[in-house]
Amino acid sequence: MSFADKVIEELGITEPDEIDLEAIACHLGAKIKYEDMDSCEACIVGGNDRAIIRVSTKVRPERQRFSIGHELGHWCHHRNQPLFCKPEEVGANGAKVRDPKEKTADGYASDLLMPRRVFNPVARQYKTLNFDTVRQIARVFKTSVTSTAIRLVEGDHSPSMIVCHGQKGRKWFSRSKSVPERWFPQNDLDRQSGAFDIQFGQGTEQRHPQRIGADAWFDRHDASRYDVHEQTIRTMPGETLTFLLFRDQKMLSEEDDRRSFRR
């Protein structure tokens, strides 16, 4: 059981609206203060069994909640250790160069804001994985679209992958456990993908997943044999987020991979 799961159990939290960060922070000996800050989105100062978490009023409520969860993660895992969280590192899933402490704090935040024992029953109510589903669940848990999408993918709601692109190529990605590691997305977007037009042109966000050849996303000798379904949205200027859905069972088969390798 993770530290965050233990807190959820201690407080008897069973519903999304019971995830009260003020109460959770108090339970852990911390107090939250909202301030007009420019230097960072959140920080924590503490000693012994008491701490104060300062949170910027200039960021979105969903981002505030994740930052609070992140700082509580430091409080539980890295107490009395020197820390400085750069804004770009908080929630920066898949960053190439990153302090392991920041990844640990992010994991704590996800477990705290979307605890599996509460999150999974809600997620199971939605049979189809797409960004409409993500947005609905994000509203329930008061979390961002990105963090909620990652939670759904890593929880293996459906065989899927979430890929983030910027102007210079792939920034990060995450895959479901049911998707074999051989499916590794290319760094650059393919022009035949709808994601390319959304990232670099005037393309409109895809309302539903669209079928496309897997070779548009994966540089493998056998990719042209398969199709995936993609859906792309803009998350901020110059950044897109794409769902890749694996509906062909052969893509998920390790035996199929061994046969193609022998060829």
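1. In this predicted model, M161 has L244 in β8 as its bridge partner. The two strands concerned are β4 (residues 160-166) and β8 (residues 239-245), which are joined by six bridges and run antiparallel. This pairing is a suitable starting point for a student, who can locate M161 and L244 and then follow the strands outward.

2. Strands β4 and β8 belong to an open sheet of five strands, ordered β5-β4-β8-β7-β6, and the pairing in this sheet is antiparallel. Its edges are formed by β5 (169-175) and β6, each of which pairs on one side only. On average, neighbouring strands here are turned by 30° against each other, direction ignored.

3. A further open sheet has three strands in the order β1-β3-β2, and its pairing is mixed. Here β1 and β2 are the edge strands, each with pairing on one side only. The average turn between neighbouring strands of this sheet is 20°, direction ignored. Strands β1 and β3 run parallel and are joined by six bridges; A30 stands opposite A51 in β3. Helix α3 packs on the sheet and touches β1, β2 and β3, with its direction at about 155° to that of β3.

4. Which residues of helix α5 (residues 116-123) are buried? They include V118, F119, V122 and A123. These residues lie on the same side of α5, because they cover an arc of only 120° around the axis. The buried residues of α5 pack against α6 and α7.

5. Helix α5 also contains N120. This residue is partly exposed, as its relative accessible area is 26%. The C-alpha atom of N120 is separated by 8.0 Å from that of G155, although the two residues are 35 residues apart along the chain.

6. The salt bridges deserve a separate comment. Side chains of opposite charge can pair when their charged atoms come close. In this model the count comes to 10 salt bridges. Three of them are described in the points that follow.

7. R151 and D111 form a salt bridge in which the closest N and O atoms are 2.9 Å apart. The pair links distant parts of the chain: R151 is in helix α7 (residues 145-154) and D111 is in helix α4 (residues 100-113), 40 residues apart. Are R151 and D111 buried or exposed? Both R151 and D111 are buried.

8. R135 and E205 also meet through their side chains in a salt bridge, with 3.5 Å from N to O. R135 lies in helix α6 (residues 131-141), whereas E205 lies in the loop between α8 (194-200) and β6 (210-213), so the pair ties together parts that are 70 residues apart in sequence. R135 is partly exposed, with a relative accessible area of 32%, and E205 is partly exposed as well, at 31%. Elsewhere, D36, D38 and K58 are joined into one network by salt bridges that share partners.

9. Within that network, the side chains of K58 and D36 meet in a salt bridge of 3.2 Å, N to O. This pair, too, links distant parts of the chain: K58 sits in the loop between β3 (50-56) and α3 (61-77), and D36 in the loop between β1 (30-35) and β2 (42-47), 22 residues apart. K58 is partly exposed, because its relative accessible area is 48%, whereas D36 is exposed at 58%. The cut-off matters for this reading: residues count as exposed over 50%.

10. How many disulfides does the structure hold? The structure holds zero disulfides. Why is there no bond at C40? The closest cysteine sulfur to that of C40 is in C43, at 4.4 Å, which is too far for a bond; a disulfide requires the sulfur atoms to be within 2.5 Å. C40 counts as buried, with 12% relative accessibility. C164 also counts as buried, with 1% relative accessibility.

Notes: Residues are numbered from 1 along each chain as its sequence is written. This is a predicted model: local features need pLDDT of at least 70, side-chain atom pairs count only at pLDDT 80 or more; totals for chains, interfaces and linings use all residues. Side-chain values use heavy atoms; hydrogens and water are left out. A salt bridge is a side-chain nitrogen of Lys or Arg within 4 Å of a carboxyl oxygen of Asp or Glu. Helices (H or I, at least four residues) and strands (E, at least two) are DSSP runs, numbered from the N terminus. Buried means under 20% relative accessible area, exposed over 50%, partly exposed in between (1.4 Å probe, protein chains only). Two strands pair if DSSP finds at least two bridges between them. Axes are lines fitted to C-alpha atoms, for helices over the stretch in contact, and angles run from 0 to 180 degrees between N-to-C directions. Contact means heavy atoms within 4.5 Å. The arc is that of the directions from the helix axis to the C-beta atoms.
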